[in-house]
Amino acid sequence: MARSVTINPPKMCQPMGAILAYMGVHGCVPLVHGSQGCSTYPRYNIARHFRESAEVAVSSLAEDAAVYGGAKNLTEAIKNVKSRINPALIGICTTCMSETIGDDVKLISKKAVVPDDTVRIIPASTPSYVGTHVTGYDNAMRALVETLAVKGEPNNKINIITGVINPGDIREIKNMLRIMNVKNIFLSDISETLDTPIMPGGHKPLLPDGGTEPSDIIDSANSLGTIAVCRTAGSAATYLQNKFKVPAVLAETPVGIANTDKFVKNISKLSGATIPDEIKRDRGRLIDSMVDVHHYMYGRKVAIFGDPDLVSAIVRFCAEAGMNPTVAMTATKHKDFAPDIKAVNTEFKTDTQILEGTDLYEFHEIVKSQGTELILGNSKGKDIADDEGVPLVRFGFPVYDRVGVYRYSILGYNGSIYLLDQMTNAILGHKYDPDKLHQ
């Protein structure tokens with residue numbers, strides 16, 4: 001019987017993702033055009049996951065705005081942010097309420113800027129009643145590029161669109177680009193803004209250092225190409241290709257051997273850089289680590305849920321490691337998700353069930369029926385793991401019942417080694433096989 005209710009959805013609303021995109025831009029303040037709760041919820045989750053405070057403004061819509069519109073609130077909010085923080089950019093994300101009452105956010109924002117203002121306003125449509133945090137990120141990133149990018153002189157750089165990944169993941173991608181000596185522009189970059197060091201003197205600025213400079217977003221129209229490591233966040237890459245002839249590559253997230261190989265080759269193809277021995281040695285260490293633990297992991301039944309790009313990449317990596325992915329689940333529908341999983345099933349002779357646009361209730365039912373030995377997902381999978389007595393390896397967003405997950409990468413060859421170690425140790429720590437001779 002079909003259900004008419006969603007139970008435990010592992011997703012968040014669009015403004016959550018838009019705020020993360022804006023927070024990866026240096027000097028940018030996210031402004032939520034909605035009720036106070038619409039900014040409190042994202043700030044709460046950012047603080048729980050990244051252990052960092054987040055400057056998020058809100059237009060504080062109330063009952064009167066539902067009748068008279070929210071133009072007055074938004075205009076006042078922009079004025080307050082400019083006077084109190086003086087940011088370079090204000091990234092506006094809409095909510096259910098502001099979209100429903102029909103506020104023309106672009107027009108209101110335009111009227112709120114006076115001729116001598118230096119601040120740029122970036123409005124993005126991110127109502128919570130459609131899409132998820134993944135689409136919210138994509139909408140905000142496209143708005144940033146559409147508003148700022150300008151054609152100029154070639155810069156010999158590669159644009160990287162990260163999507164919703166962790167600071168540690170971004171640092172690992174940067175490390176790979178550094179080894180390959182490839183100049184880059186990250187769209188956007190939370191590696192410093194949401195993992196802020198405390199420098200001598202204990203001083204933390206109101207707006208954190210780091211993040212993509214607005215000038216780099218302007219310059220993104222002049223790059224050699226754009227690689228979106230999360231295809232769900234690739235519309236900005238498509239825009240740059242259509243508008244400025246910057247080649248776009250919407251590729252699989254680089255987890256595991258095959259996906260990371262594709263990433264390295266795409267970088268090499270766009271930039272002309274050769275693949276150095278240091279990258280090849282990292283790849284060799286990943287293969288060696290897979291051989292080292294193969295007898296622990298072979299045939300292990302693993303259930304995976306989360307954002308579509310990460311889930312499909314991890315399903316492939318688990319199959320590469322000899323594991324048996326029993327179910328792949330995402331709450332965000334995307335055209336590439338099911339074909340990705342079916343391709344893994346064909347290539348590795350697995351029988352992974354595909355759940356798309358659904359909830360953890362349905363995921364739990366399959367976990368129970370399949371005898372799952374390991375679950376991979378965010379903190380929302382804890383209750384399922386506890387109920388079924390199996391370990392949960394946490395990845396993605398949000399992870400609020402462990403500290404430090406955001407610091408470490410699961411991307412690239414080195415990140416994949418870390419993920420494989422986490423999975424292996426979870427298996428070994430949970431159940432020591434009766435035959436201990438091989439361990």
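In this predicted model, the second largest cavity holds about 50 Å³ of space. Its lining is made up of P10, H133, F305, G306, D307, G377, N378, F395, G396 and F397. Sorted by character, these lining residues comprise four nonpolar, five polar and one charged.

It helps to place this cavity beside its companions. The structure contains three cavities of 30 Å³ or more, and the largest of them encloses about 70 Å³. Around the largest cavity stand V134, Y137, G163, V164, C230, T232, A233, D307, D309 and L310. Two helices, α7 (133-148) and α13 (308-320), each contribute at least two residues to this lining. Here the division is six nonpolar, two polar and two charged. A reader tracing the two linings will meet D307 in that of the largest cavity and again in that of the second largest.

Attention can now turn to a pair of helices. Helix α1, spanning residues 14-23, packs against helix α2, spanning residues 37-50, at an angle of about 60°, and their axes lie 10 Å apart. The two helices are therefore oblique to each other, and α1 passes α2 in a right-handed crossing. On the α1 side, the contact is formed by M16, I19, L20 and M23, while α2 brings P42, N45, I46 and F50. Of the residues in this contact, seven are nonpolar, one is polar and none is charged.

Conventions. Residues numbered from 1 in each chain as written. Predicted model: local features only at pLDDT ≥ 70, side-chain atom pairs only at ≥ 80, totals over all residues. Heavy atoms only, no water. Axes fitted to C-alpha atoms, helices over the stretch in contact; angles between N-to-C directions. Helix = DSSP H or I, 4+ residues; strand = E, 2+ residues; numbered from the N terminus. Parallel < 35°, antiparallel > 145°, perpendicular 65-115°, else oblique. Left-handed = near helix turned anticlockwise from the far one by under 90°. Contact = heavy atoms within 4.5 Å. Nonpolar A, V, L, I, M, F, W, Y, C, P; charged D, E, K, R; others polar. 1 Å grid on protein atoms, 1.4 Å probe; cavity = no way out; pocket = protein on both sides within 12 Å on 5 of 7 lines; lining within 4 Å. Points joined across faces, edges and corners; volume = space filled by probe spheres on them.
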